[in-house]
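Got the viewer open? Let's walk through it one selection at a time.

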Amino acid sequence: MTDLSPISALGHAVPQAVRIGTLTITENAGLALASLALRQGGGAPQPFGLPLPGPGGWANAGATSAFWTGPGAWMIEADGRAEDDFASALKAEAPGCSVAEQTDGWAVFEIAASVATLEALLEKLVNIDASRFVPGSALRTGLEHMSVFLIRRTEGQLALWAMRSAAGSAFHAIEAAARRLDVA
Amino acid sequence: MLIPHPLLGPRDAQEFTYLGDASLLNRPDGMAEGALAAFCDYVYLRDNPAGVHRELWFHEQGDRSWLVVTRNTVTHEILGAELARDVALRRQK
Amino acid sequence: MRFSGFRVIAEALTGHKGWKPLWRNPDPQPAYDYVIVGGGGHGLATAYYLAKTFRKARIAVLEKGWLGSGNIGRNTTIIRSNYLLPGNEPFYEFSMKLWEGLEQEFNFNAMVSQRGILNLIHTDGQRDAYRRRGNAMLLAGADAELLNRDQVREMAPFLNFDNARFPIKGGLVQRRAGTARHDGVAWGYARGADLHGVDLIQNCEVTGFRIENGRVLGVETSRGYIGAGKVGVAVAGNSSRVMAMAGMRLPIENHVLQAFVSEGLKPLIPGVITFGAGHFYVSQSDKGGLVFGGDIDGYNSYAQRGNLPVIEDVAEGGMALMPMIGRARLLRAWGGIMDMSMDGTPIIDKTPVGGLYLNAGWCYGGFKATPASGYAFAHLLATGQTHDTTRFMRLDRFERGYVIDEKGMGAQPNLH
Ligand SMILES: Cc1cc2nc3c(=O)[nH]c(=O)nc-3n(C[C@H](O)[C@H](O)[C@H](O)COP(=O)(O)OP(=O)(O)OC[C@H]3O[C@@H](n4cnc5c(N)ncnc54)[C@H](O)[C@@H]3O)c2cc1C
C-alpha cells in the first residue's frame, strides 16, 4: 500500500500540456470543483465574496470562480485546492445550500490562443455561436457526444471541463481539432 | 433546429432530448374516480396533430431545464419556448 | 396480360408496342361492399387478398395521391422475420413465407432477393440476447444461425472488427431474409387487385366518415361521398389524422425516419448488415447503390424530411462499422413519416365504430409485413375474425396491459 502514486486525469504522473503553434492546451490538475444549489425559497449566498453569475455566466474573484449551470445552480472553482476538501470549505460559506464535491468527476483543460484561433477552435468543436461566447460566459454543451462545460475566462483563454472518465477522449478531440486549424 | 431557450437564447436542438406532448405535464390524480382509465389515456393516447404542437424537450447537454416548445410538426418551425416549470406553476394558480 | 420470359422477348423483338397499363383508372362508384383507405403497400395487399382469397365483392382502394406515393415507396426494402416475442414472430414468419411465393402468386417481378440479414454482436450480453432471439425464431419455424467472429469475417471482411469501443464478436444471421423492390411490391399488388375487379381510385382523399348509430356508412372524399359496407383504414403515417375524423385518439405518435443512397458501386455488401452498437444498417440495391439508414429523428413530425444531426449520426455509425463507406458519395437522402406505436408493435383490429377497421402503427418496419398485413387485414374484414397471426396485435391491448414491447422501452415511441 505504500507504493501508490497519484496520476492525473489523463493518466500521467504529471499533468499534460501540448503546444500547437501559438495555441496551448494544458491539463489543470490543481483546480477544485464543487457544485452549489439553492434549496427551495433560499436566497443566493456570496461564497468567498463571490457574486454568483446569472444564466450563461462565469464570474471570478481572486482564487475562486463560479459558473451558472442551471436555475439556482452553480459550479464553484478554486485554484490549487483540488487536493483539499474544498467542498467543506464551500459548504461553510453557503449555509442552507446543497453542496457536493465534483473535482473527482471532472477534468479541466485550459486552452490559450489568439481570439481568432479560439473562435475557430470553438466552431470546429461545438454547435454554439462562438461570436456570442464572450469573456465571462460559460455553458454546457455536447462535444463529440460528450457533455462538457465551456468557460470563456478572457479573450484569449478558454476552459473545458470534461467528464474525468472521458478525459482522454476530450483531450484528443481538442487536440485533433486544434491541429487542423491553421495556427502559426 | 434551434430552440430559443428562455434563459440561454438559441441553442442547437441536438443538445436536447425529446419526451413528447406537453400534456404529459397534466398527470392525472391516481386516487380520483376513474383513475385507471385516465392513466391509460395519459400514458398511451396522443393527439398527434399535424401542425402546431406543444411538446416537452429536456436540455440534457445544457442547463437540464425542461422546456415546453411550441413547434409546427409539418414545417419544423419553432414558434416559442418556455420553462416547463413556469408553465406548471402557472397552472397551479 | 400475363408476364413471362417469352412475353419479354416477344415485346423486345416487336418494339415494346404491346405493353398495356397495369391497371385501370376508374371513377368511384356510389358505393362498395369494402372501401380500403390508403393505396400504400398494406392497402393494396389488403384489397388483393380480399378480392382473390376471401370474397368476391365490390371493393375500392381510395388513395389521396398516387398509388405507392407513401412509405411503400420510401423505405429501405428490408424483409426479415427475426423477432423475439410470441406476439410478433409468427406473424413476420407468415409474411416471410408469403414473400417467398409472392412473385408466382401475383405474376409480377418484385425482385425478392433473399440475400440474408446479419445482425452484428459486439458484447457478450448481446450474444446471449441474440441467441435467445435466434431460438425464438427457430421455434416459430423461421431460420436463424449464430455466427462466430471468423464466420462473420468470411461473410463481410470489410467490417471494422477491431473498433476500440465496439469490436465485432459474432452475428446472428437469417439467410432467408433480404430485400425486395418496394415499388414493385405496390405495383404487383395493385395490378393483381385490379385484375380481380378492385377499383383503384387515385387522387381521392378521405375527408370524413359518415357514422350513424355507432356504425360507419361510408366516407366523405375529395371526389364525393362513397358508401361502404365496411371500411378498412391503412394509411400508415396518417393514421391519427384519419382516425380523428372518426372521433378516435390512437396510441401513436408520428416521427420522421430518413434513408440514404450512395452512388452505384460494384457488388460489395452481401446482404443486409446491421450495426449492433450504434444505429446503422446497410444493404446494396440491385443498381449498386448502398442503401442505408439509422434512427428516427426523435420528435413528432409530419414533414417527410429530417434534419442534419441524424444524418451526422448515421454517417458516424457507418464510419464506425465500415470505414470504407467514407469513400462513397451520397446520392440522395429523404424522409418518411412513421406511425410509431406506444409499444413498437402494429395494430390490426376492429374499432369501437361498427364496420370500421384499423391497420396502423407499423413504425419503421411495415414493409416486410406487407403481404401478411394485407392477408390478415383482408381476413379480418371478410370474416370479422382476427387472423391467428395477428391475435395479439389488438387496439385495446394497451388498456388491457398486453403490450408487445419488443425493445422493452415502455410507452415512449421515439425509443422503439
Ligand atoms: C425511410 C424509411 C425506411 C424504411 N425501411 C423499412 C425497411 O427496411 N423494412 C421494413 O419492413 N419497413 C421499412 N419502413 C417502413 C415501411 O415503409 C412502412 O411501415 C410501410 O410502408 C407502411 O405501410 P404502407 O405501405 O401501407 O404505407 P404507405 O405507403 O405510406 O401508405 C399509406 C397511404 O395512405 C394514403 N393516405 C393517407 N391519408 C389518406 C386519406 N385521408 N385518404 C386517402 N388516402 C390517404 C397515403 O397517401 C399513402 O399512400 C421504412 C420506412 C421509411 C420511411
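One term before we start: a salt bridge here is a side-chain nitrogen of Lys or Arg within 4 Å of a carboxyl oxygen of Asp or Glu. Keep in mind, too, that this is a predicted model.

**Stop 1: chain C against chain B**

Show chains B and C together. By that salt-bridge rule, 3 turn up across the interface of chain C and chain B. To see a salt bridge up close, pick Asp47(B) and Arg249(C), whose closest N and O atoms are 2.7 Å apart.

Now widen the selection to everything in contact: 26 residues from chain C and 23 residues from chain B. Together the two chains bury about 2100 Å², with carbon and sulfur atoms giving 50% of that area. Which residues of chain C lose the most area to chain B? Colour Arg249(C), Asn300(C) and Tyr302(C), which together make up 31% of what that side buries.

If you like hunting for polar contacts, there are 14 residue pairs to find across this interface, both residues at pLDDT 80 or more. Next, switch to cartoon for chain C. The elements giving two or more residues to the side that touches chain B are α7 (239–244), β12 (252–264), β15 (289–300), α8 (308–321) and α10 (397–400). Of these, β12(C) gives the most, with 4 residues. Colouring this side of chain C by class gives 11 nonpolar, 9 polar and 6 charged residues.

**Stop 2: inside chain C**

Hide chain B and split chain C in two. Domain 1 is 5–78 + 182–250 + 344–400, and domain 2 is 99–179 + 253–341. Their centres, taken over C-alpha atoms, are 28 Å apart. Where they touch, domain 1 brings 33 residues and domain 2 brings 28 residues.

The area buried between these domains is about 2500 Å², 58% of it from carbon and sulfur atoms. Select Arg74(C), Thr76(C) and Ile78(C): this trio supplies 25% of the area that domain 1 buries against domain 2, more than any other three residues.

How many salt bridges does the rule find across the interface of these domains? Just 1. For polar contacts, the count between the domains is 16 residue pairs, both residues at pLDDT 80 or more.

Last selection: α2 (41–54), α6 (182–195), α7 and α9 (370–383) of chain C, the elements that give two or more residues to domain 1's side of this contact. Linger on α6(C), which gives the most, with 6 residues.

Note on methods:
Residues numbered from 1 in each chain as written. Chains lettered and ligands numbered in written order. Predicted model: local features only at pLDDT ≥ 70, side-chain atom pairs only at ≥ 80, totals over all residues. Heavy atoms only, no water. Contact = heavy atoms within 4.5 Å. Buried area = accessible area lost by both parts, 1.4 Å probe. Polar contact = N/O pair within 3.5 Å; in protein donor to acceptor, adjacent residues only side chain to side chain. Nonpolar A, V, L, I, M, F, W, Y, C, P; charged D, E, K, R; others polar. Domains from an automatic or database assignment.
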